[in-house]
Amino acid sequence: QGIEQGLEQGLEQGLEQGLEQGLEQGQAEMLLRVLDRRFGPLPAELVTRIHALRSQQLTRVLDVVLDAATLHEVSTAVQALSTGANNGNPPSAPME
């Protein structure tokens, strides 16, 4: 019975993680589409950083995108958010 319960818990956790990852991937793709439509082709580093963000961070970036006049503003926000997810590594130069 203990093994069965452990398997059930593992399955639930796996499903939750898969759903969360799928949601984040969808959010990132929609955000990238909006950015591409507003600002044209995006730097590869910016795309990579956006794909590395979590759901809450992606929502914050979307808020910035809605008010941003330039891609540099968005890039700065993404860099600031991704730095926190970068295990304390210093940020690289702004992406443009």
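This is a guided tour of the structure, stop by stop, with a suggestion of what to select at each one.

**The whole chain**

Begin with everything shown, and keep in mind throughout that this is a predicted model. Colour the protein by secondary structure, and four helices and zero strands come into view, so that, followed from the N terminus on, the elements run α-α-α-α. If you switch to a surface display, the protein exposes about 6,600 Å², of which carbon and sulfur atoms supply 54%. Buried residues make up 26% of the 96 residues in the protein. Among the contacts in the protein with a separation of 6 or more, 61% are accounted for by residues 24 or more positions apart.

**Helix 1 and its patch of negative charge**

Next select E4, E8, E12 and E16, which gather on the surface in a patch of negative charge. Pause on E16, a residue found in helix 1, which covers residues 2–39. Is E16 buried or exposed? E16 has a relative accessibility of 55%, and because the exposed class begins over 50%, E16 counts as exposed.

**The salt bridges around R54**

Side chains of opposite charge can pair when their charged atoms come close. In this protein the count comes to three salt bridges, and the next selection takes in two residues of helix 1 together with a partner elsewhere in the chain.

Select E20 and R54, whose side chains meet in a salt bridge with 2.1 Å from N to O. The pair links distant parts of the chain, since E20 lies in helix 1 while R54 sits in the loop between helix 2 (44–52) and helix 3 (55–67), 34 residues apart. E20 counts as partly exposed, at 38% relative accessibility, and R54 also counts as partly exposed, at 44%.

Now add E24 to the selection. E24 forms a salt bridge with R54 as well, and here the closest N and O atoms are 2.8 Å apart. Because E24 lies in helix 1 and R54 in the loop between helix 2 and helix 3, this pair ties together parts that are 30 residues apart in sequence. E24 counts as buried, with a relative accessibility of 12%. With the three residues displayed together, you are looking at a network of salt bridges that links E20, E24 and R54.

**A salt bridge within helix 2**

Move on to helix 2 and select R49 and E45, whose side chains meet in a salt bridge at 3.2 Å from N to O. How many residues apart are R49 and E45 in helix 2? They are four residues apart, about one turn of the helix. The two partners can also be compared on the surface display, where R49 is buried, with a relative accessible area of 11%, whereas E45 is partly exposed, with a relative accessible area of 37%.

**Helix 4 and a last pair**

For the final stop, select Q79, which lies in helix 4, a helix made of residues 71–84. Q79 counts as buried because its relative accessibility is 10%, and the buried class takes in values under 20%. Then add I50 to the selection and place a distance label between the two C-alpha atoms: Q79 and I50 are 29 residues apart along the chain, and their C-alpha atoms are separated by 9.1 Å.

Note on methods:
Residues are numbered from 1 along each chain as its sequence is written. This is a predicted model: local features need pLDDT of at least 70, side-chain atom pairs count only at pLDDT 80 or more; totals for chains, interfaces and linings use all residues. Side-chain values use heavy atoms; hydrogens and water are left out. Patches are made of residues with over 30% relative accessible area and no salt bridge: like charges are joined within 9 Å, nonpolar side chains (Val, Leu, Ile, Met, Phe, Trp, Tyr) within 5 Å. Accessible areas come from the Shrake-Rupley method with a 1.4 Å probe; for residues, only the protein chains shown count as cover. A salt bridge is a side-chain nitrogen of Lys or Arg within 4 Å of a carboxyl oxygen of Asp or Glu. Lys and Arg count as positive and Asp and Glu as negative; His and the chain ends are not counted. The place of a charge is taken as NZ of Lys, CZ of Arg, CG of Asp or CD of Glu. Buried means under 20% relative accessible area, exposed over 50%, partly exposed in between (1.4 Å probe, protein chains only). Contact means heavy atoms within 4.5 Å.
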